[in-house]
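Thanks for coming, everyone. I would like to walk through one model today, starting with how its strands are paired and then moving inwards to the core and the helices.

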Amino acid sequence: MSIQNLQSYDPFADAARGTDDGVQDGLVHIRIQQRNGRKTLTTVQGLSADYDLKKIVRACKKEFACNGTVVEHSEYGEVLQLQGDQRENICQFLTKVGLVKAEQIKVHGF
C-alpha cells in the first residue's frame with residue numbers, strides 16, 4: 001500500500017520566487033497629472049524595490065530632456081515624477097531597457 005498524495009507541495013512557491021520581477025500586483029502604472037494651465041507631471045508607480053530609482057530617473061532626465069525626481073507617496077511607496085507628458089517615452093524606455101515587459105505596463109490619463 002502506497003500513499004502518494006501526502007507529498008509536501010507549496011502552492012505559493014512560484015509567488016515567492018518573484019515571477020513578475022518584484023513588481024507590485026504585476027503592473028507598472030504610468031499616470032499624468034495636470035498642474036497649472038498646460039503644465040503636466042508624469043508619474044510612474046509600481047517599479048520593483050530592487051531597482052535604484054534615482055538612477056532610473058537620472059537616465060530618463062538625460063534621455064527625455066526633462067526634469068524629474070523620486071517622491072515618497074503615502075499609499076504607493078516610492079514614485080517617479082517626470083516633467084511634462086512623458087507617457088509614451090517612459091513606456092518605450094522601460095521596455096527597451098528591460099525593466100518591465102510590455103504587458104506589465106498600464107497607462108492612465110486623458
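Let me begin with a definition, since the first part depends on it: two strands are taken to pair if DSSP finds at least two bridges between them. Before applying that, I should say that this is a predicted model, in which local features need pLDDT of at least 70 and side-chain atom pairs count only at pLDDT 80 or more, while totals for chains, interfaces and linings use all residues. Residues are numbered from 1 along each chain as its sequence is written, and side-chain values use heavy atoms, with hydrogens and water left out.

The elements I will name are DSSP runs, numbered from the N terminus, with helices being H or I runs of at least four residues and strands being E runs of at least two. On that basis the chain has three helices and five strands, and from the N terminus on they are arranged as α-β-β-α-β-β-α-β.

Now to the pairing. β1 and β2 run antiparallel and are joined by six bridges, one of the pairs being Q34 with its partner T40 in β2. The two strands form a hairpin with five residues between them, and G37 in that turn has a positive phi of about 60 degrees. β2 also runs antiparallel to β4, with four bridges between them, and here T42 stands opposite L82 of β4.

How many of the residues of β2 are buried? I call a residue buried under 20% relative accessible area, exposed over 50%, and partly exposed in between, using a 1.4 Å probe and protein chains only. By that measure six of the six residues in β2, which spans 40–45, are buried, with T40, T42 and V44 covered on one side and L41, T43 and Q45 on the other. For the chain of 110 residues, by contrast, the buried share is 32%.

That leads to the core. A nonpolar core here is a set of buried Ala, Val, Leu, Ile, Met, Phe, Trp, Tyr and Cys residues joined through side-chain atoms within 4.5 Å. The largest one has 19 residues, of which V44, L47, I56, I90 and L94 touch the most other members. The elements giving two or more residues to this core are β1 (28–34), α2 (53–64), β4 (77–83) and α3 (87–97), and α2 supplies the largest share, with five. As general background, nonpolar side chains in soluble globular proteins tend to be buried together.

If we take contact to mean heavy atoms within 4.5 Å, then I56 touches L47, Y51, L80, F93 and L99, leaving aside residues up to four places away in sequence.

Let us look at α2 itself. Its expected span, which is 1.5 Å times one less than its number of residues, comes to 16 Å for twelve residues, and this agrees with the 16 Å between its end C-alpha atoms. Its buried residues are L53, I56, V57, C60 and F64. They cover an arc of only 100 degrees around the axis, and therefore sit on the same side of α2; the arc is that of the directions from the helix axis to the C-beta atoms. These buried residues pack against β3 (68–73), β4 and α3, whereas K54, K55, R58 and K62 are exposed on the face turned away. After α2 comes A65, with a positive phi near 55 degrees.

In α3, the buried residues are R87, I90, C91, F93 and L94. They fall within an arc of 170 degrees, so they line one face of the helix. They pack against β1, β2, α2, β4 and β5 (105–107), while E88, Q92 and K96 are exposed on the other side. G98 follows α3, and its phi is positive, near 95 degrees.

One last point concerns the cysteines: why does C60 form no disulfide? A disulfide is a pair of cysteine sulfur atoms within 2.5 Å, and the closest cysteine sulfur to that of C60, in C66, is 7.3 Å away, so the distance is too far for a bond. C60 is buried, with a relative accessible area of 0%, and C66 also counts as buried, at 13%. A search of the whole structure finds zero disulfides.
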